[in-house]
Amino acid sequence: MTEFVRSAEENFALLKDFPFSPNYHSWQDLRMHYLDEGPADGPVMLLLHGMPTWSYLYRDMIPPLVAAGYRCIAPDHLGFGRSDKPTDIHWYTIARHTEILTTLITALDLQKITLVCQDWGGPIGLAQAATMPERFSRLVIMNTWLHHPEYEYSPAIHSWNRNWHEGGLFCREKPDIALLMLLSSGLISREEMFPALTSGSVPDLSGQAASMYAAYHAPIKDLPDAGYNGFRRFPLSIPLDSYDNGNGAAQTHHYRTLLNWDKPVNFVWGGADDVFTEGWGRKWAGQMNASFDAIADAGHFLQNTHGPLVAQHILNRSGG
């Protein structure tokens with residue numbers, strides 16, 4: 001039996017800007033949370049998050065997509081959000097995350113899927129399109145990558161990876177990843193975040209900052225340190241130093257396979273991201289003969305800060 005912890009339902013009860021009902025998919029002896037909003041017979045928007053987020057990331061995108069007639073499916077990877085959180089850090093691999101998402105897609109028999117992916121949602125989600133292309137009608141790719149030998153990892157990725165290793169800033173008991181989301185959104189300063197992170201305290205927050213902190217802290221609130229292992233494993237799965245755990249060979253295969261994708265591809269990119277730079281996004285879009293919409297002042301988590309605009313770009317390119 002898999003050892004895991006489960007976030008308390010009451011942690012999510014008071015989120016002011018997340019009025020969506022939970023749904024659960026069983027995988028082995030664990031459950032995966034997902035949102036299912038919009039008409040059951042509508043074309044599917046499969047909305048995939050990365051690190052350190054969960055389906056809350058898409059809160060501002062789901063309403064306009066549903067209003068346009070789409071069925072929005074937004075899962076939480078195991079270890080994140082409302083999904084169960086195995087406590088063994090070695091349980092987590094990108095291949096396993098990929099397998100679990102495949103079972104959700106097939107269990108729900110999703111068809112006519114527009115994949116919307118960002119960060120680790122890219123390697124996990126694009127694997128589905130590469131292996132089950134008949135289920136997918138369109139790809140929307142945002143601030144992500146697929147590993148391949150020619151890919152040049154940015155200094156920001158090297159720094160992110162290094163800071164989760166022994167001696168790094170985030171290699172600590174119960175790292176408060178909710179603070180990172182406030183920093184990336186411009187709601188707190190680096191001078192506020194780093195002392196709070198290292199001391200294990202929370203700065204005085206109000207308004208939007210308090211609401212966002214509550215939402216990104218909800219999945220880990222009152223969990224033991226082992227409940228954070230899903231977060232830890234994603235940075236430690238980047239193939240620059242963990243090729244096997246990051247499913248590097250499969251990523252390369254999926255990258256090369258999708259260069260021959262013959263259905264619509266749209267890139268929507270946060271231009272201020274130093275992790276996955278606009279230059280990389282434009283290069284990849286050119287390789288796939290795809291459209292490219294840059295949001296100049298959006299960073300890595302463009303759904304979090306520019307959700308309605310991202311949704312509008314997606315709808316504009318779909319004719320919706």
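Here are some notes on the sheet, the backbone and the open and closed spaces of this predicted model.

1. **The sheet as a whole.** A good place to begin is the open sheet of eight strands, whose order is β2-β3-β5-β4-β7-β8-β9-β10. Its pairing is mixed. From one strand to the next, the twist averages 20 degrees.

2. **The edges.** Which strands stand at the edges of the sheet? They are β2 (23–27) and β10, and each has a single partner strand, so one side of each is left without a neighbour in the sheet.

3. **Strand β9.** This strand, residues 265–270, deserves a look of its own. Six of its six residues are buried, so β9 is largely enclosed by the rest of the structure. Buried here stands for a relative accessible area under 20%. In a regular strand, side chains alternate between the two faces of the sheet. In β9, V265, F267 and W269 point one way, while N266, V268 and G270 point the other way. Both sets are buried.

4. **The partners of β9.** On one side, strand β8 (residues 136–142) runs parallel to β9 and is joined to it by three bridges. V140 stands opposite N266 of β9 in this pairing. With β10, β9 also pairs in the parallel sense, this time over five bridges. Here N266 stands opposite S291 in β10, and W269 stands opposite A294 in β10. If you are stepping through the model, N266 is a handy landmark, as it faces V140 and also S291.

5. **The crossover.** How does the chain get from β9 to β10, and with which hand? It passes through α10, and this β-α-β crossover is right-handed. For orientation, α10 covers residues 278–287 and β10 covers 291–295.

6. **A cis peptide bond.** The bond from M51 to P52 is cis, and its omega is near 5 degrees. P52 belongs to the loop between β4 (44–48) and α1 (62–67). You may like to view this loop alongside the sheet, where β4 has its place between β5 and β7 in the strand order.

7. **Positive phi at D109.** D109 is not a glycine, yet its phi is positive, at about 50 degrees. You will find D109 in the loop between α2 and β7 (113–118). Is D109 buried, partly exposed or exposed? With a relative accessible area of 44%, D109 is partly exposed.

8. **Positive phi at N289.** N289 is another non-glycine residue with a positive phi, about 55 degrees in this case. N289 sits in the loop between α10 and β10, on the path of the crossover described above. Its relative accessible area is 74%, so N289 counts as exposed, the cut-off being over 50%.

9. **The largest pocket.** This pocket holds about 760 Å³ of space. Of the 30 residues that line it, W160, D274, V275, H300 and F301 lie nearest its centre. Which helix gives the most to this lining? The answer is α4, with four residues. The elements that each supply at least two residues are α4 (155–162), α5 (178–184) and α6 (190–199). By class, the lining has 19 nonpolar, seven polar and four charged residues.

10. **The second largest pocket.** About 210 Å³ of space lies in this one. Its lining counts 16 residues, and those nearest the centre are K174, D176, G200, H217 and Y228. The classes divide into seven nonpolar, three polar and six charged residues.

11. **The cavity.** How many cavities of 30 Å³ or more are there? The count comes to one, with a volume of about 40 Å³. The residues lining this cavity are I94, T98, P123, A127, L146, N247, Q251 and H254. Helices α2 (94–107), α3 (121–131) and α9 (248–258) are the elements that give two or more residues to the lining. Four of the lining residues are nonpolar and four are polar, with no charged residue among them.

Terms used. Residues are numbered from 1 along each chain as its sequence is written. This is a predicted model: local features need pLDDT of at least 70, side-chain atom pairs count only at pLDDT 80 or more; totals for chains, interfaces and linings use all residues. Side-chain values use heavy atoms; hydrogens and water are left out. On a 1 Å grid over the protein atoms alone, a cavity is a set of points where a 1.4 Å probe fits but cannot get out, and a pocket is an open set with protein on both sides within 12 Å along at least five of seven lines; lining residues have an atom within 4 Å of a point. Grid points are joined across faces, edges and corners, and a volume is the space filled by probe spheres set on the points. Ala, Val, Leu, Ile, Met, Phe, Trp, Tyr, Cys and Pro count as nonpolar, Asp, Glu, Lys and Arg as charged, and the others, Gly among them, as polar. Buried means under 20% relative accessible area, exposed over 50%, partly exposed in between (1.4 Å probe, protein chains only). Two strands pair if DSSP finds at least two bridges between them. A crossover is right-handed if, with the strands pointing away from the viewer, the path from the first strand over the helix to the second runs clockwise. Axes are lines fitted to C-alpha atoms, for helices over the stretch in contact, and angles run from 0 to 180 degrees between N-to-C directions.
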